[in-house]
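Subject: Structure for your review

Dear colleague,

Please find below the structure that I am handing over to you. My notes on what was found in it follow directly after.

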Number of protein chains: 2
Amino acid sequence: MKKQRSDIKRDVINLAGMGFSRFSLSPIAGQIYALLYMSEGPVTLNDMVRELKISKGSASMNIRSLESWGAVRKLWVNSDRKDYYEANPDIKTIALKRFKEGMSKRLDELAPALEKAGDSALKGDVPGKDAQFYRVRLNEIKKLMDALRKAVEIIPDSASDKKLEIISNIISVFK
Amino acid sequence: MKKQRSDIKRDVINLAGMGFSRFSLSPIAGQIYALLYMSEGPVTLNDMVRELKISKGSASMNIRSLESWGAVRKLWVNSDRKDYYEANPDIKTIALKRFKEGMSKRLDELAPALEKAGDSALKGDVPGKDAQFYRVRLNEIKKLMDALRKAVEIIPDSASDKKLEIISNIISVFK
DNA sequence: CATGTCATTCAATCCGTACTGAACATATTA
DNA sequence: TAATATGTTCAGTACGGATTGAATGACATG
């Protein structure tokens, strides 16, 4: 007899799957995380495969992503050969860190293309009268990128970070 | 004789295409915006098609997205029947607004799924001893969603907003 | 009112990313 | 050592969102 998952567990798994995909993360990673998050005991790869009806390959890949993000931990249970996992329950810190790292990474990927444009601006291949216009616009782009970088930098790494507390207080001023 | 686009214009178009796609927006919208941003005069649909080598359909769809975001404006040139467009040059405000609206929309889309989980938690279908555990975890999820909502709410709508100025000053404290 | 010009729509197609499932590697047990 | 249990890899595939291009609509002009 197959154990029936409760409605609420199923709903949270759904929610997390949707949530992850909305924010450009693998929905299966979301489902797996939610399964662990809503499970009191440790969970194995095969549990995930069975409960979420996904392939073992996908479970393996996604659980290792989650592990690399610090969202789940591998446990030693008895001396069992199976890998057991549990969720890091600090969802706010996980979300904060993922967001920050995601933004950082995206900005980093754009840096070479921005630099290339800067180089081209220095070379004298611009039709004279447009040169000044181009330089001004390119400079605005650089300023935007810098502003984005700085905004990302001040994001705290943890929800328990003092910075976040301070920022929260500031937010309340605007409320 | 086909007019040769300068390297810098080409590079910025590239950058914007990459940038948009990295942030889950249509790369062609990015290219179109960049083309207008780096053009002193107004630009027509056919200019876009020719310079970016894209289909007219795509140009039409994407320019209207950009228009709806306030990133470009339609112009009346003479009494020409053609649509002429120019870029709104305030890229910081555009980025800010797009980011805020994107986040809002994503969170809104998740609300029904979250509510559903809340409803399930109230129904007495949970295996008794797990009920408390589930409620605690679900509550943490609600708190995360609330925190995200509030964080998005305080994002200013414009780069010239006083709020942003204040926030910038605060940032400098953490620098 | 026929022709040319332009923008829009939408079904078909393309493309990138994520998932599957089979083959493999490794470890345990009989 | 064979049989079983487990995790990983990766080539093939499936899926969703973006793009194409042909058909359509709307408008001006000779």
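In strand E3 of chain A, Tyr85(A) is the residue that stands opposite Lys74(A). The model is a predicted one, and every value in this message was computed from it. Lys74(A) is placed opposite E3(A) by the pairing of strand E2 (residues 72-75) of chain A with E3(A), an antiparallel arrangement joined by 4 bridges. Tyr85(A) is also the bridge partner of Val43(A). That second pairing links strand E1 (residues 43-44) of chain A to E3(A), again antiparallel, through 2 bridges. Strand E3 of chain A, residues 84-87, has two faces: Tyr85(A) and Ala87(A) lie on the covered one, while Tyr84(A) and Glu86(A) lie on the uncovered one.

Chain A as a whole

The strands just described belong to a chain with 7 helices and 3 strands. Along the sequence of chain A, these elements follow the pattern α-α-β-α-α-β-β-α-α-α. The domain assignment divides chain A into domain 1, covering 7-87, and domain 2, covering 91-174. Between the C-alpha centres of these two domains of chain A there is a distance of 32 Å.

The overall dimensions may be of interest to you. The C-alpha trace of chain A spans about 80 × 40 × 30 Å along its principal axes. Its radius of gyration is 23 Å, whereas a compact globule of 175 residues would have one near 16 Å. Of the 175 residues in chain A, 25% are buried. Where contacts in chain A join residues at least 6 apart in sequence, 50% of them link residues at least 24 apart.

One loop residue in chain A deserves a separate remark. Ser24(A) sits in the loop between H1 and helix H2 (27-37) of chain A. Its phi is near 60°, which is a positive value in a residue other than glycine. Most residues other than glycine have a negative phi. Ser24(A) counts as exposed because it has 12 C-beta neighbours inside 10 Å.

The contact between the chains

How many residues does each chain bring to the contact? Chain A contributes 45 residues and chain B contributes 45 residues. On the side of chain A that touches chain B, at least two residues come from each of helix H1 (7-22), helix H5 (91-122), helix H6 (131-153) and helix H7 (162-174) of chain A. H5(A) provides the largest share of that side, with 12 residues. Sorted by class, the side of chain A that touches chain B holds 26 nonpolar, 5 polar and 14 charged residues.

The sheet in chain B

In chain B, 3 strands form an open sheet with antiparallel pairing, in the order E1-E3-E2. Strands E1 (43-44) and E2 (72-75) of chain B are at the edges and have a single partner strand each, so one side of each is left without a neighbour in the sheet. E1(B) is joined to E3(B) by 2 bridges, in the antiparallel sense, and Val43(B) stands opposite Tyr85(B). E2(B) and strand E3 (residues 84-87) of chain B are antiparallel as well, with 4 bridges; here Leu75(B) has Tyr84(B) as its bridge partner.

The covered face of E3(B) carries Tyr85(B) and Ala87(B), and the uncovered face carries Tyr84(B) and Glu86(B). Helix H2 (residues 27-37) of chain B lies across E1, E2 and E3 of chain B, and runs at about 85° to E3(B).

Two further residues of chain B

Lys53(B) is located in the loop between helix H3 (45-52) and helix H4 (56-68) of chain B. The phi of Lys53(B) is near 55°, a positive value for a residue that is not glycine. Is Lys53(B) buried or exposed? With 8 C-beta neighbours inside 10 Å, Lys53(B) counts as exposed.

Glu115(B) is part of helix H5 (residues 91-122) of chain B. Glu115(B) counts as partly exposed because 13 C-beta neighbours lie inside 10 Å. Glu115(B) and Lys142(B) are 27 residues apart along the chain, and their C-alpha atoms are separated by 9.4 Å.

With kind regards

Definitions and conventions:
Residues are numbered from 1 along each chain as its sequence is written. Chains are lettered from A and ligands numbered from 1 in the order in which they are written. This is a predicted model: local features need pLDDT of at least 70, side-chain atom pairs count only at pLDDT 80 or more; totals for chains, interfaces and linings use all residues. Two strands pair if DSSP finds at least two bridges between them. Two residues are in contact if their C-beta atoms, placed from the backbone, lie within 7 Å. Axes are lines fitted to C-alpha atoms, for helices over the stretch in contact, and angles run from 0 to 180 degrees between N-to-C directions. Domain bounds come from an automatic or database domain assignment. The radius of gyration is taken over C-alpha atoms; the globule rule is 2.2 Å times the number of residues to the power 0.38. A residue is buried if 20 or more other C-beta atoms lie within 10 Å of its own, exposed if 12 or fewer, and partly exposed in between; C-beta atoms are placed from the backbone. Ala, Val, Leu, Ile, Met, Phe, Trp, Tyr, Cys and Pro count as nonpolar, Asp, Glu, Lys and Arg as charged, and the others, Gly among them, as polar.
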